[in-house]
Amino acid sequence: MKDVATLESSHSASPGHRATGGFSWIALWTLYTLTFRQHMHGRRWIVMGVLFLLPPGLAVLIRATAPDAPSIVTEFLLAFLLIPQALLPLIALVYASGIIQDEQEDQTLTYLLIRPIPRWAIYVVKLLATLTTTVLLTTIFTVLMYAAIYLGSEASFNTIVRRCSIAIAIHGLAVVAYCCLFGLIGLYTKRALIAGILYTAVIEGLLANLPFGLRFVTIIYYARIGAYRSMDFIFTRNGRDHNVAAETWQIDVKKDPELLDHPQLLTCVIVLAGASLVFAVIGALMCARREFHVKTPEGS
Amino acid sequence: MHSELPREVAGSPEVKPVVEFHKVSKWYGNVIGVNKLSIRIPAGVTGLLGPNGAGKSTLLQLATGQLFPSQGSVRVLGQEVWNNTAMNRLIGLCPEQDAFYEWMTGWDFIYTCARLGGLPRADAKDAAARTLDAVGMFKHKDRSVRGYSKGMRQRTKLAQALVHDPEVLFLDEPFTGTDPVARRDLMEIIRKLGAEGKSVLVSSHVLHEVHTLTPNIILLNRGRLVAEGQVREIRDLIDKHPHHIVLVCDEYRKLAGRVLTWDDVEGVRVLNRDKGLMVETRSPDKFYSRLPQLSLEDGLSIKEVYSDDDNLEAVFKYLVNK
């Protein structure tokens with residue numbers, strides 16, 4: 001235990017830190033790394049890792065049991081159906097819906113609210129750390145999956161790298177949009193997980209698969225069109241070309257071979273990035289004005 | 001009851017208070033957290049007393065800018081605190097909840113809090129080391145917080161409140177669940193902080209704890225200010241209200257008849273099981289002064305005299321149960 005004199009000397013350690021006003025980049029960076037560490041700690045990322053190992057595992061299984069199956073079909077099923085439809089919303093939901101809520105539930109939010117970090121910045125920085133985490137996990141497992149699908153196949157290395165890079169970019173954009181959306185939902189409701197699952201099932205699952213204008217409000221639609229415009233999903237069987245993406249995604253390439261009824265690639269990117277930005281800004285504005293009630297024992 | 005006691009320091013309008021609540025109310029839906037609260041807390045150590053649900057934590061959350069007042073204004077060091085990020089460099093809070101980033105070590109937690117407070121890396125390391133040492137936790141710094149005892153956790157919470165060298169400290173029930181040694185040590189630390197010139201507002205629901213630290217107290221109940229000022233002044237206030245004094249005596253029924261003849265006795269309750277009486281009086285000093293004579297003249301052997309109001313705990317209970 002220190003005496004008074006020692007305590008006094010300890011408190012004079014860093015007089016300079018007060019002079020920089022209310023905003024502290026050190027604090028923001030620390031919050032960023034803290035959130036990243038939180039995400040990478042515990043069982044959550046292990047569970048997500050196991051889930052994301054599913055596509056590479058399935059790719060290996062398909063190649064082992066059906067060696068004649070076209071790689072493009074396997075890639076399409078895993079990289080552009082399973083991952084964007086199920087895994088990306090799931091990882092975004094798990095990590096982003098609790099950006100603030102988890103800290104509130106764990107009663108650790110107080111430690112952030114009493115630091116020189118504006119409320120909106122707490123949300124934005126934690127969201128950025130969440131985006132880093134999810135994009136990183138998505139990238140790693142997408143690369144693994146492409147390796148499982150194409151390594152040792154007839155496809156050239158350059159082709160594999162190109163297709164994998166496009167898939168990573170599209171997955172990245174989609175997961176960012178999902179995170180920003182679910183982060184916002186997490187600020188609105190304590191039942192963000194249920195709301196997110198319902199949203200994923202109804203909006204992204206059902207509406208996006210209907211050939212109507214409603215799919216224009218879904219994230220997955222823009223991810224699909226972006227993918228469709230960036231790479232081909234055509235394979236040949238019995239002398240006939242099959243466009244697996246057009247058939248599955250209800251894109252009528254016979255009537256509209258140039259996809260004039262659908263947005264351009266740049267539009268898809270702008271819509272996804274723009275929507276993410278809008279969701280993030282709304283979330284930040286909500287946090288800037290909001291009180292966060294942290295439970296205290298016995299309601300004292 | 002709201003007792004406007006003349007505070008020696010805070011009450012003086014010329015002395016700038018460290019913490020000032022002006023007609024502050026805070027509602028959570030239909031529930032009132034604090035109600036039309038106006039207080040001026042001076043520099044130094046001040047105790048914030050009240051039972052669970054009195055509004056102590058709400059007051060501290062308002063004072064640390066975590067909550068926005070539904071009405072009125074809250075100022076710390078002369079500045080509004082809501083959304084005042086710069087203010088967070090000048091204040092420290094030891095929250096009531098026993099919550100940590102459990103996966104961290106004690107060092108990691110305090111160092112992270114120092115960095116969150118905006119300290120550069122080297123300064124944060126120095127501050128973390130010194131603060132952990134100051135609260136007696138340096139030797140446990142590499143252990144996981146998850147494995148800390150309650151006392152160690154309270155010390156660590158205090159360290160995070162101190163690590164950025166705040167001018168004003170808010171400590172929410174810092175002694176809860178601590179063992180006697182930790183309690184003594186924490187009190188010693190708080191006293192030292194006060195001696196250094198820090199302003200400390202300590203909340204507790206145990207009057208004795210606060211009384212040990214400071215004579216300056218604020219009493220809250222159901223979100224309202226019950227009393228504020230020096231303990232002595234509050235004690236004086238209590239003397240205006242009935243005291244309950246227990247007399248233990250074999251001939252307690254005879255004794256009851258005797259004391260009922262005294263004008264200052266407002267009521268007597270027979271305690272058959274304890275062979276005693278509970279006397280209610282508004283003049284405890286006068287009552288006590290008569291007791292020796294009563295024993296001598298009437299031959300009533302009074303075995304024990306004690307008063308629930310004799311200790312500050314009872315005074316507090318009395319006030320908040322009004």
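1. Two strands are taken as paired if DSSP finds at least two bridges between them. With that in mind, this note on a predicted model turns to an open sheet in chain B, in which four strands follow the order β2-β1-β4-β5 with antiparallel pairing. Its edge strands are β2 (31-41) and β5 (79-80) of chain B, each of which pairs on one side only.

2. At one of these edges, strand β4 (residues 71-76) of chain B pairs with β5(B) in the antiparallel sense over two bridges, and R75(B) has E80(B), in β5(B), as its bridge partner. Helix α1 (residues 56-63) of chain B packs on the sheet, where it touches β1 (19-28), β2 and β4 of chain B; the direction of this helix makes about 120 degrees with that of β1(B).

3. As for the overall division, chain B is split into domain 1 (19-237) and domain 2 (241-320), and the C-alpha centres of these two domains of chain B lie 40 Å apart.

4. Further along chain B, strand β13 (residues 276-281) runs antiparallel to strand β11 (residues 243-249), to which six bridges join it; within this pairing, V246(B) has M278(B) of β13(B) as its bridge partner. Strand β12 (residues 265-271) of chain B is likewise joined to β13(B) by six bridges, again in an antiparallel arrangement, and here the bridge partner of V268(B) is V279(B).

5. Which residue in the turn between β12(B) and β13(B) has a positive phi? The two strands form a hairpin with four residues between them, and K275(B) in the turn has a positive phi of about 50 degrees.

Technical notes:
Residues numbered from 1 in each chain as written. Chains lettered and ligands numbered in written order. Predicted model: local features only at pLDDT ≥ 70, side-chain atom pairs only at ≥ 80, totals over all residues. Domains from an automatic or database assignment. Contact = placed C-beta atoms within 7 Å. Axes fitted to C-alpha atoms, helices over the stretch in contact; angles between N-to-C directions.
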